[in-house]
Amino acid sequence: MHTLESQNNRQSEELAAKVSRLKHIAFDIEKETNEQNRFLNSMHLDFATARNFLGGSARHFTHVMSSGRGDRRVMCYLIGAIILAFFFLYYTVSSFRNK
């Protein structure tokens, strides 16, 4: 009879330990889920900001292209400057990489 009681106590302690581990795992899952939800919410705000920025840029580009000849000339100069800046940065980075 004493053996059955000690065996029952041992199994009861093992079950309590397993329940405790399961409880800690559940809390860890909840914590990780909350962190991921906060991260996704911040990404949603970043994407919304980027979408608004791109929408505004597209509207501005459409306005510039539909307006008079002077604005088109400015746009061509701007595109040329961006291309030159790209080649300058490419040359600079490649010269540092070769050293």
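**Stop 1: the aromatic pair.** Start by selecting Phe86 and Phe87 in this predicted model. A search of the whole structure turns up one aromatic pair. The ring centres of Phe86 and Phe87 lie 5.8 Å apart with their planes at 65°, so the pair is edge-to-face. Are these two residues buried or exposed? Turn on the surface to check: Phe86 and Phe87 are both exposed.

**Stop 2: the annotated segment.** Now widen the selection to residues 74-93. An unreviewed UniProt entry annotates residues 74-93 as "transmembrane region". Colour by secondary structure and residues 74-93 come out as 100% helix and 0% strand. If you draw a distance between the C-alpha atoms at the two ends of this stretch, you should get 28 Å.

**Stop 3: along helix α2.** Next, pick Arg97, which sits in helix α2, residues 69-98. With a relative accessibility of 66%, Arg97 counts as exposed, because the cut-off for that class is over 50%. Keep Phe86 on screen for reference: Arg97 and Phe86 are 11 residues apart along the chain, and their C-alpha atoms are separated by 16 Å.

**Stop 4: the salt bridge.** Move over to helix α1, residues 2-66, and show the side chains of Arg10 and Glu14. How many salt bridges does the structure hold? There is one, and it joins the side chains of Glu14 and Arg10, with 3.2 Å from N to O. Both residues belong to helix α1 and are four residues apart, about one turn of the helix. Glu14 is partly exposed, at 38% relative accessibility. Its partner Arg10 is also partly exposed, at 41%.

**Stop 5: more of helix α1.** Stay in this helix and select Ser6, another residue of helix α1. Ser6 has 36% relative accessibility and counts as partly exposed. Add Leu22 to the selection: Ser6 and Leu22 are 16 residues apart in sequence, and their C-alpha atoms are 24 Å apart in space.

Then go to Ala50, also placed in helix α1. Ala50 is partly exposed, with a relative accessible area of 36%. For a link back to the aromatic pair, draw a line from Ala50 to Phe87: these residues are 37 apart along the chain, and 26 Å lie between their C-alpha atoms.

**Stop 6: two domains.** Colour the chain by its domain assignment, which gives domain 1 (1-67) and domain 2 (70-98). How many ångströms separate the centres of domain 1 and domain 2? Taken over C-alpha atoms, the separation is 43 Å.

**Stop 7: the whole chain.** Finally, zoom out and show everything as a cartoon. The secondary structure amounts to two helices and zero strands. The chain has a radius of gyration of 32 Å, well over the 13 Å that the globule rule gives for 99 residues, so it is more spread out than a compact globule. Rotate the view to follow the principal axes, along which the C-alpha trace spans about 100 × 45 × 10 Å.

Before you leave, colour by accessibility. Of the 99 residues, 3% count as buried. The accessible surface of the chain is about 9400 Å², and 65% of that belongs to carbon and sulfur atoms.

Terms used: Residues numbered from 1 in each chain as written. Predicted model: local features only at pLDDT ≥ 70, side-chain atom pairs only at ≥ 80, totals over all residues. Heavy atoms only, no water. Phe/Tyr/Trp six-rings, centres within 6.5 Å; stacked < 30°, edge-to-face > 60°. Buried < 20%, exposed > 50% of the residue type's maximum accessible area, 1.4 Å probe, protein only. UniProt positions renumbered as here; feature names shortened; annotations may be inferred. Domains from an automatic or database assignment. Salt bridge = Lys/Arg side-chain N within 4 Å of Asp/Glu carboxyl O. Rg over C-alpha atoms; globule rule 2.2 N^0.38 Å. Areas by Shrake-Rupley, 256 points an atom, 1.4 Å probe, with all protein chains shown as cover.
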